[in-house]
Structures are given as C-alpha cells and as structure tokens.
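Reader: I should like to learn how the features of a model of this kind are to be read. May we begin with the whole and then turn to single elements and residues?

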Amino acid sequence: MRLSELLVHTLREAPAEAEIPSHQLMLRAGLIRQNAAGIYTWLPLGLRVLNKVTHIVREEMQHIGAIELLMPMVQPAELWRESGRWNQYGPELLRLQDRRGREFCLGPTHEEVITDLIRNTVRSHRQLPLTLFQIQTKFRDEQRPRFGIIRAREFLMKDAYSFHLDVESLDETYMRMYAAYSRVLERIGLDYRAVKADTGSIGGDVSHEFHVLAESGEDTIVYAPDGAYAANRELAEARPSRKRRPAAEASLARVATPHAYSIADVSKLLDIPPSHCVKTLLVKGSETPAVALILRGDDELNPVKAGHLPEVVSPLKLLGEEEVRKLGSLEFGSIGPVDLEFPVIADREAALLADFCCGANTPGEHLTGVNWGHDLPEPAVADIRLVKEGDRSPEGSGRLSFARGIEVGHIFKLGKRYSTKMNAVVQDSHGAERPLMMGCYGLGISRIVAAAIEQNHDTRGILWPPGIAPFSVIIIPLGAQHSADIRGAAERLHDELHQAGLEVVLDDRCLRAGVMLKDSELLGIPHRLVISARSREKNIVEYQARGAVSSEDLPREGLIDTLRKRLMRQ
C-alpha cells in the first residue's frame, strides 16, 4: 500500500476545538474529519484501525458462541412505547417521522428490537440459552458532543443480547461476556479496569463498566489498591468513618448567622469545622412534596444513589428557591432537619454526628449542639454521598484510591425488565409460559480507538498498540524525487515485505525529508525503515521503532527475518 493512495492529509496544528490528545491527533493524522457536531467521516487510515478493533471484537464474540446478526438503525416508536422508554429515555433519543406521520427513532441501543425479534422467533426453552450480537452504527443526540470520537453523537458499537430461562444461565453468560471484554482489551494492549456500575437508562439489577485508564477520562474510578474492589464513583459504596455516634455533650442553641448562606460561610463565622455541620437538600418526593436529604457539611450528594431511594422521584429533582419558599417560607441557606415537616433521610456519615450545626429554618439563623434522638427524631439512614479518596474500602481492608477512566464497555443483567413489558415468553419443560431472562452487553468500538490514543501517545504523535496499528511498517525513501535508484529500492523493499505477509505502507509522496519523518511519527506506525543515498551505498536500511530515541542500521540482507522477530516480540 502507498500513502498517496490513502487520502492522507496531515495537519501541523490541531483545530482549536480539539480539547484532548486523541481528538487532536486523530484530526492531525487524518484519521477522521468532522461533518457536524459529534458526527465524523472515518478516512482510510482511521478505518483500518477501526476495522482491526472490529475484527478482534468479532473473534471474541464468536469464541463465546455469540451469533452475529444486523438490526435496523431506524426503529419504530411503538416498540419503545411498549418498553416504556419512549418518553423516559430523554432528548438523547432522536425522534423522527416518515412521510405518513409514523414515528421512529434512530437507535441508540436495541433492547426493544431484539426483544421483539425473539418473542416472535423463540418458542421453546430448548432454543435457549441464546446470545446474539451486532456491530452497527448508533446515534445518541448528545447535548454537548465533545472530545471527538469519545463523546460523539454517531458511533460504532458492538451490542449483544442474551436470553435465558433462569438466573443461573444468565449468570454464566454474563461472566463469559465479562471475560470476553477483558480479552478484547488485553489483546489490544490497553490498561483497563472493570468496575461495578449503575444500570442507568438501560435498566436491570447488576452491571459492570469497562474503563480504559486515562487522565482525560470523564469518569472517576474508585478502587482499593490492595483489594479487588472497584466501582464507578456513582455507584461506589461510602462506608462511614466510624462505627458509632459519639455521646452528646452540648445543648441546643439558636445563633444568629447573618449573610452566612453556605457551609463555608457558617463554618467560618461560628468557627466550626464543616465536618461538624450538616447540609439539608430538599428534593421532590415520590409521595410527598419534598424529602430532606442530610449530608455532612464536607460531603457531596451522590445523585445516582439518592435517585434510587423509593421516597424520591426518579430521576432525582432538587427543588429550586421558588419551590422551596412555597413549602413553608423556607429559604436557601437556612434549611435544617429540626422540626421539618417532610421525610428526613440522612447519609450514614451525617447520622453519626453529635452536637452538630444546621439551619434553623429561619432566615439568618442556625442551630448548634443539635443531636439526633434528642432535638429531632432519629432519621432514616441511607448511603447517599459520593465517596472520597482515602475512604475505607467497602471490602473492609485498605483505603480507596481514584483514577480517571474512559468507559468503553458496559454489561448488564437485565432480568425480566423488557421480556415482562413486551411479553417475551417461552414454554418451559412443563409447558408453562415463562418470561425470558435477558442480558445486554455493549462495547464502543470507535471509542476504543480514541481511548487507545489517549493511553498511547507522546509529543510527536500516536503510539499505536501493535495489534491495531493501521500498518506495521512504513518505508520512507529520502530524496526519491531526485533519484530513480532510491525510488526503485523503496518499491522493491515494499513488494518484498508485502509478499512476506507484513503490513507495510510506502510513503511515496516525494515530500521534504522532515515532513515525511514527522508524519511517520504522527501516524504512529510501529516500525520505520528509511532508504537514502547513504543506506544504498552501505547496503543497509535505517530502522527506528516508534517511541525509540534513536535509529540503528540493519543489513539489507536478512531484513525480513529481522523484522519478523521484532514484530513477534511486541
């Protein structure tokens, strides 16, 4: 293959809108070009990488017995209404109408379509278990597409769905898929971590996310360095810092706190640590106008965990200032749990406080020396705070550490969520109809490409993991525009390597030497061979591995065997 045939157009500088390395380098290396916000054309070099990731994913799916099919991207609204997600999914679901006014959506995922297929195809338990997968373009109308391919609106995804008669069978397939995702990322050569996660809009009871570790990652991964515990911060369990509440020592007192509206203001004014204060957040209740969520002053609410409380509406809705005033002349900055007329739910840490400070429900006033069970009833207690680095591991040993990650995969145990709503049933061995147990498994193929660059780059360009590099070897003839001998030697070497089964590309663009050398580093081809007047005179080839600080001379004779050995060591 020759670079002149591949529509390669590199950029010296990245466009201003490219914020992170993968976006910058994919644009500069000519792997992608933007058509609209979050929508990209994959150019030939980028497509080669994308296809290599796809090939690895397809092999691992086939290895665990998953069967490939292809479902439509355009999906009828009635299926989404059956599952209850037509309105629930939100504005990320791009809705449209055909010329007859029938409603459709562009598929962000395919639970409804696959469930409809199986309920009309599978009748007997003898056809189970069954795992189907597809590799297909998805569309999610992100409010703010960013970071190039990582947060795109249109993307390539592998999604799989499994069907079972019982939980044991689902558990078995779930673990096989977990292992398959691990093998995909290991074969590519990525540093990753699988973590417990919230099920979100997909639903189900259990899920795990697969994150490629990178400083630019949008998600915070929580893990115990000396244990097996790992979770997305949204789901990570926050253990209290102590086992029991200290004895009360102070008496309730009302104090003036003019112009002190935040925990920081009150703490400074009263000379009390934020950890001895509580913050009271009012959210919309599922059966009451409001529910009070109580946190220690130095903690943050975890909206995902709080949103799962049966007492509050889902998704969680914090009440605004006007809504709070209508509840009884309450004011932001002075709300507290004492004599509050709404249900009170305290985080585990807040429930262990004694002699704490809180709002007095009167503007400009706070209460000090407040104690649960004395000045107000004992609260309902739940884990509703975000974990902090250094918290105790939920496993009971060690302290939690944080890392940044790019989510590239997510697997779910859906259970009967979709089969019950859409009447997907099979007959068991006794002839009785039973709803199917389901699993759902997504892997972002295009996102893996961007995540690989985030984890493998330097100041000069991309450092492709060998398994997904667009080519293994690049040949650069220096001065070829002035020398037929150099051009011929480069062509012959290219043909030899190609015939030997090596993935080789020849830079035949006849550009300046500095441009060609810099482009080879930008493109990230793992092995570079330079042919020049000097190398022709000495019958050698100048070799440099991408990422190496210097080059070396290799004898022209036996070069193919030498390259093969180096490729095998990768």
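**Reading the model from the whole to the residue**

Author: Buried residues make up 53% of the 570 residues in this protein. The model is a predicted one.

Reader: How many helices and strands does the protein have?

Author: There are 16 helices and 30 strands. The C-alpha trace spans about 95 × 70 × 50 Å along its principal axes. Of the contacts between residues at least 6 apart in sequence, 69% join residues at least 24 apart.

Reader: What can be said of the surface and of the charged side chains?

Author: The accessible surface comes to about 25,700 Å², and carbon and sulfur atoms account for 50% of that area. The protein carries 71 positive and 78 negative side chains, with the centres of the two sets 4 Å apart.

Reader: How should one read the pattern of burial along a helix?

Author: An α-helix has 3.6 residues a turn, so residues three or four places apart point the same way. In helix α2, which covers residues 44–63, the buried residues include Leu 45, Val 49, Val 53, Val 57 and Glu 60. This helix of 20 residues reaches 28 Å from its first C-alpha to its last, close to the 28 Å expected. Just after α2, Gly 65 takes a positive phi of about 85°.

Reader: Is Glu 60 of helix α2 buried or exposed, and which residues does Glu 60 touch?

Author: Glu 60 counts as buried because its relative accessibility is 7%, and the cut-off for burial is under 20%. Beyond residues up to four places away in sequence, Glu 60 touches Ala 180, Arg 183, Val 184 and Arg 187. With Arg 187 there is a polar contact between the two side chains, at 3.0 Å.

Reader: What covers the buried residues of helix α1?

Author: Six of the eight residues of α1 (residues 21–28) are buried, among them His 23, Leu 25 and Arg 28. Their cover includes the strands β1, β2, β24 and β25 and the helices α12 and α14. After α1 comes Gly 30, whose phi is positive, near 70°.

Reader: How is a buried residue in a strand to be described?

Author: One may state its accessibility and then list its contacts. Phe 163, in strand β8, is buried, with a relative accessible area of 0%. Among its contacts outside its neighbours within four places in sequence are Ile 114, Ile 118, Leu 128, Pro 129, Leu 436 and Met 438.

Reader: Where are cis peptide bonds found?

Author: One joins Leu 128 and Pro 129, with omega about -5°; Pro 129 belongs to the loop between α5 and β7. Another runs from Ser 314 to Pro 315, with omega near 5°, and Pro 315 lies in the loop between α8 and α9.

Reader: Which residue other than glycine takes a positive phi near 65°, and which one takes a positive phi near 55°?

Author: The value near 65° belongs to His 259, in the loop between β13 and α7. His 259 is exposed because its relative accessible area is 66%, where the cut-off is over 50%. The value near 55° belongs to Asn 539, in the loop between α15 and β29. At 45% relative accessibility, Asn 539 counts as partly exposed.

Methods. Residues numbered from 1 in each chain as written. Predicted model: local features only at pLDDT ≥ 70, side-chain atom pairs only at ≥ 80, totals over all residues. Heavy atoms only, no water. Helix = DSSP H or I, 4+ residues; strand = E, 2+ residues; numbered from the N terminus. Expected span 1.5 Å × (residues − 1). Buried < 20%, exposed > 50% of the residue type's maximum accessible area, 1.4 Å probe, protein only. Contact = heavy atoms within 4.5 Å. Areas by Shrake-Rupley, 256 points an atom, 1.4 Å probe, with all protein chains shown as cover. Lys, Arg positive; Asp, Glu negative; His and termini not counted. Charge placed at Lys NZ, Arg CZ, Asp CG, Glu CD. Polar contact = N/O pair within 3.5 Å; in protein donor to acceptor, adjacent residues only side chain to side chain.
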